[in-house]
Amino acid sequence: MKTKAPHDLETAGTRERIVRTASRLMQRQGYEGTGIKQISREAGATLGSVYHFFPGGKQELGTAAVRLGDEEFTEFLRESLDAEPDPAKALITLTASLAQGLRESDWLDGCPVTSTVVGTAAGAPGIQQAAAEAFARWRAVVAGKLVAAGFAEADAEDLAHTVIATLEGAELASQVARSETPLEAAGRHLARLIATYGGSVRT
């Protein structure tokens, strides 16, 4: 998952620093493994500042972190797909980029949305809702790309579900294996699947 570099925090406002720090920590440690005190310390903010911006505490901050992850991945996804006219080829490039990002983070920076929401959905409806909206937005980006390439709307929506679910699973598998192979294989197979609907791609 693409996120802004830590040095970008130096020029961010206090609220943005808190949210970005929470997103990064929850991405790496999960929601339960990340505490408010650690967030405030690493964001260079007081606890009072954290609660000033997020009076609902950790759940409210976790929801903001998920929404940030949603925004950043939506932008990355749209830019990646727009860079290549052929959606099948675009997915190969996309998964290669995700794999590179994971490797460069030493396999730590997976999906901040999934990392935050897993294990919290039942007790944190705000986080669950934000995650559901994120996945829906990502599917809409993929479906829009496919429709623009000439796919029927129903096919595009079904394929978008498959693409996002496969990317999420492959990213986690790459983290666990500390290998780019699961993501790269996912890209090739998604490209072949999409090509069966009328496009063509050589992998």
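In which helix is the place of Pro87? Pro87 lies in helix α5 of a predicted model, whose protein chain holds 9 helices and 0 strands. The briefing below starts with the chain as a whole, then takes up the nonpolar core, a buried lysine, two further buried positions and two backbone angles.

**Overall architecture**

- Read from the N terminus, the elements of the protein chain follow the order α-α-α-α-α-α-α-α-α, and 46% of its 203 residues count as buried.
- Of the contacts in the protein chain that link residues at least 6 apart in sequence, 67% are between residues at least 24 apart.
- The exposed area of the protein chain comes to about 9,700 Å², of which carbon and sulfur atoms supply 52%.

**The nonpolar core**

- The largest nonpolar core contains 55 residues, and the members that touch the most other members are Ile18, Leu61, Leu77, Trp138 and Val142.
- Two or more residues of this core come from each of α1, α2 (36-43), α4 (58-82), α5, α6, α7, α8 and α9.
- Leaving aside residues up to four places away in sequence, Val142 touches Leu77 and Leu81, and it also touches Ala160, Val163 and Ile164.

**Lys145, a buried charged residue**

- Lys145 belongs to helix α7, which spans residues 125-148, and Lys145 is buried yet has no salt bridge.
- The nearest side chain of opposite charge is that of Asp82, at 5.0 Å; a salt bridge requires a side-chain nitrogen of Lys or Arg within 4 Å of a carboxyl oxygen of Asp or Glu, so the pair does not qualify.
- The side chain of Lys145 does reach a backbone atom, namely the oxygen of Pro85, at 3.5 Å.
- When residues up to four places away in sequence are not counted, Lys145 touches Leu81, Asp82, Glu84, Pro85 and Pro87.

**Pro87 and Leu25, two buried positions**

- Pro87 has a relative accessible area of 8% and therefore counts as buried.
- Beyond residues up to four places away in sequence, the contacts of Pro87 are Lys145, Leu146, Ala149, Phe151 and Ile194.
- Pro87 and Ala191 are 104 residues apart along the chain, while their C-alpha atoms are separated by 7.7 Å.
- Leu25 is placed in helix α1, residues 14-29, and is buried because its relative accessible area is 4%.
- With residues up to four places away in sequence set aside, Leu25 touches Gly30, Thr34, Gln38, Ile39 and Glu42.
- A separation of 8.8 Å is found between the C-alpha atoms of Leu25 and Pro112, which are 87 residues apart along the chain.

**Positive phi angles in loops**

- Most residues other than glycine have a negative phi, which gives the background for the two residues that follow.
- Trp107 is not a glycine, yet has a positive phi of about 70 degrees; Trp107 sits in the loop between α5 (87-104) and α6 (112-117).
- The relative accessibility of Trp107 is 12%, so this loop residue counts as buried.
- Arg178, also a residue other than glycine, has a positive phi near 50 degrees and is found in the loop between α8 (153-177) and α9 (181-195).
- Arg178 has a relative accessible area of 48% and is therefore partly exposed, as the cut-off for exposed is over 50%.

Methods
Residues numbered from 1 in each chain as written. Predicted model: local features only at pLDDT ≥ 70, side-chain atom pairs only at ≥ 80, totals over all residues. Heavy atoms only, no water. Helix = DSSP H or I, 4+ residues; strand = E, 2+ residues; numbered from the N terminus. Buried < 20%, exposed > 50% of the residue type's maximum accessible area, 1.4 Å probe, protein only. Lys, Arg positive; Asp, Glu negative; His and termini not counted. Polar contact = N/O pair within 3.5 Å; in protein donor to acceptor, adjacent residues only side chain to side chain. Contact = heavy atoms within 4.5 Å. Areas by Shrake-Rupley, 256 points an atom, 1.4 Å probe, with all protein chains shown as cover. Core = buried A, V, L, I, M, F, W, Y, C linked by side-chain atoms within 4.5 Å.
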